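Let's take a walk through this fold, starting with the whole chain and ending with a few individual residues. Keep the viewer open as you read.

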Amino acid sequence: MSKRVLRADVASFYQNVDQDILLSVIARELNTERTPQEALESMIRRDFPSDHQKGNGLPQGQITSGFWANLYLKQVDEAFEGLDGVEFARYADDMVFAVNPRNISTDSVKQQLLSLLKVLRLETSEDKTFPQSGDEYQEQTKLDQEIDRLAKEIARLRAKLFRLNRDYLRRYSSDRWKFLETYQKLLSTLGICISPNWLGRKIEQEESKMIWFISGSLKFPQYPTSIEEIDRWGDLFRDQNIDWMLQLDAARKRLVGFFSTALGVLADKQKDEYLRELHRRRLRFATNRLCGLGLTPIADQVATEVIGRPWLIEVHWVCPGLSGCGRYDLLLKILRESESAFVRAHALRALAHHASTTT
């Protein structure tokens, strides 16, 4: 008899974390003294926007929230780890139980889970909590081949940007930071947004492989030494690398297609949860890659989603991406309209970074 799988998800987990319970768990598990405990209380015991009840909630997206969430659910982990006939895995509030029906039923596991969550004043999300066969689970969680193919294609395209010719490498070695800042500006003329730090890491990786020596690399225009030459660099690069630019544009269009299709699926409440989760992944993938390759085609839609559904898209990708494509108006819109202090902080940071680099 093959194993059964119980998939479970907590309903509105971050909004419903009970702050009193969390603080008692922190005091017990971390054995905090009075002063740090008071500091933690001031951080955790605060009110949130309208989707949180008073006394409940953790901000979504923050690194510390993930840590507190794991601590909050620690007793759930302890209850199921080592339980005979059950293999258990959890990521935040998303849980998977592989159940041997000879030892225990999925119904029994679910009832135990509901009892544990009730103590924590939580409930499961009914549409995301269900049993299925092991074969069904493997089929639904297997690698998304469409994402995998496009990710590899984009990685090959981007890698060529880090394989510099001899002149660019010489300038990079001579004054690394100045070169990286200039090269970032040059790539922005192509609609590409990559931070200087990340550029430096990738250039080092490619240089160590000596791939720049291989024929077929990109053709780089003469290194610019004035603002006027920087402005012209993008046109020269496009003319000298027509095939590469066509491939880049095609990849961008496919990413935009992923994004638009995913939004349509997620707007249809009748779609089954497997299909919705598939398109959530594609939405995040498309947004992440377009933040580096150019958000312009979907900038307005992305800003709307960050304001209305900040849990759907990673804001720490989006705000630098909007800055990179010059949509400071959308950053200001996020700053004005978002109810999330975390989201507003990222928008403000992106605006502040832009101001610091243009003064």
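Before anything else, a word on what a contact is here: two residues are in contact when they have heavy atoms within 4.5 Å. With that in hand, look at the chain as a whole, bearing in mind that this is a predicted model. Take the contacts in the protein chain with a separation of 6 or more: residues 24 or more positions apart account for 67% of them. The secondary structure comes to 18 helices and 4 strands. Measured out along the principal axes, the C-alpha atoms fill a box of roughly 70 × 55 × 40 Å. Of the 359 residues, 44% count as buried. The chain exposes about 19,500 Å², and carbon and sulfur atoms supply 50% of that area.

Now find helix H13, residues 242–267. How far apart should the ends of H13 be, at 1.5 Å a residue? Its 26 residues should span 38 Å, and the end C-alpha atoms are 38 Å apart, so expectation and model agree. Plenty of side chains to look at here: the buried residues of H13 include Trp-244, Met-245, Leu-248, Ala-251, Arg-252 and Leu-255. Further along H13, Phe-258, Phe-259, Ala-262, Leu-263, Val-265 and Leu-266 are buried too. A bit of helix geometry helps in reading such a list: an α-helix has 3.6 residues a turn, so residues three or four places apart point the same way. What covers the buried residues of H13? The cover includes H8, helix H12 (227–240), H14 and helix H15 (299–308).

Two of those covering helices also meet each other. The axes of H8 (residues 145–161) and H14 come within 11 Å and cross at roughly 10 degrees. Since angles under 35 degrees count as roughly parallel, that makes H8 roughly parallel to H14. On the H8 side the contact is made by Glu-146, Ile-147, Leu-150, Ala-151, Ile-154 and Arg-158, and on the H14 side by Arg-281, Arg-282, Phe-285, Arg-289 and Leu-293. Sorted by class, the residues of this contact are 6 nonpolar, no polar and 5 charged.

Stay on H14, which covers residues 273–293. Leu-275 is found in this helix and is partly exposed, with a relative accessible area of 25%. Leu-275 and Asn-288 are 13 residues apart in sequence, and their C-alpha atoms are 20 Å apart in space. Arg-284 is also found in H14, and at 25% relative accessibility Arg-284 counts as partly exposed. Which residues does Arg-284 contact, leaving aside its neighbours within four places in sequence? They are Glu-277, Leu-312 and Trp-317. Back towards H13, Arg-284 and Phe-258 are 26 residues apart in sequence and 9.5 Å apart, C-alpha to C-alpha.

For another helix pair, move on to H16 (residues 315–324) and H17 (residues 328–337), whose axes come within 7 Å and cross at roughly 145 degrees. Here Cys-319, Leu-322 and Ser-323 in H16 meet Tyr-328, Leu-330, Leu-331 and Ile-334 in H17. By class, this contact has 6 nonpolar, 1 polar and no charged residues.

Next, go back to helix H4 (residues 63–72), the place of Trp-68. Is Trp-68 buried or exposed? Its relative accessible area is 8%, and the cut-off for buried is under 20%, so Trp-68 is buried. Not counting residues up to four places away in sequence, Trp-68 touches Leu-22, Ile-26, Leu-30, Leu-40, Ile-44 and Leu-58.

Finally, a few loops. Most residues other than glycine have a negative phi. Ser-12, though not a glycine, has a positive phi of about 45 degrees; Ser-12 lies in the loop between strand S1 (4–9) and helix H1 (13–16) and is partly exposed, at 42%. Ala-92 has a positive phi of about 55 degrees and is not a glycine either. Ala-92 lies in the loop between strands S2 (86–91) and S3 (94–99), and at 18% relative accessibility Ala-92 counts as buried. After S3, in the loop leading to helix H6 (106–119), comes Asn-100. Asn-100 and Ser-2 are 98 residues apart in sequence but 7.4 Å apart in space, C-alpha to C-alpha. Beyond its neighbours within four places in sequence, Asn-100 is in contact with Lys-3 and Gly-85.

Conventions. Residues numbered from 1 in each chain as written. Predicted model: local features only at pLDDT ≥ 70, side-chain atom pairs only at ≥ 80, totals over all residues. Heavy atoms only, no water. Helix = DSSP H or I, 4+ residues; strand = E, 2+ residues; numbered from the N terminus. Buried < 20%, exposed > 50% of the residue type's maximum accessible area, 1.4 Å probe, protein only. Axes fitted to C-alpha atoms, helices over the stretch in contact; angles between N-to-C directions. Parallel < 35°, antiparallel > 145°, perpendicular 65-115°, else oblique. Nonpolar A, V, L, I, M, F, W, Y, C, P; charged D, E, K, R; others polar. Areas by Shrake-Rupley, 256 points an atom, 1.4 Å probe, with all protein chains shown as cover. Expected span 1.5 Å × (residues − 1).
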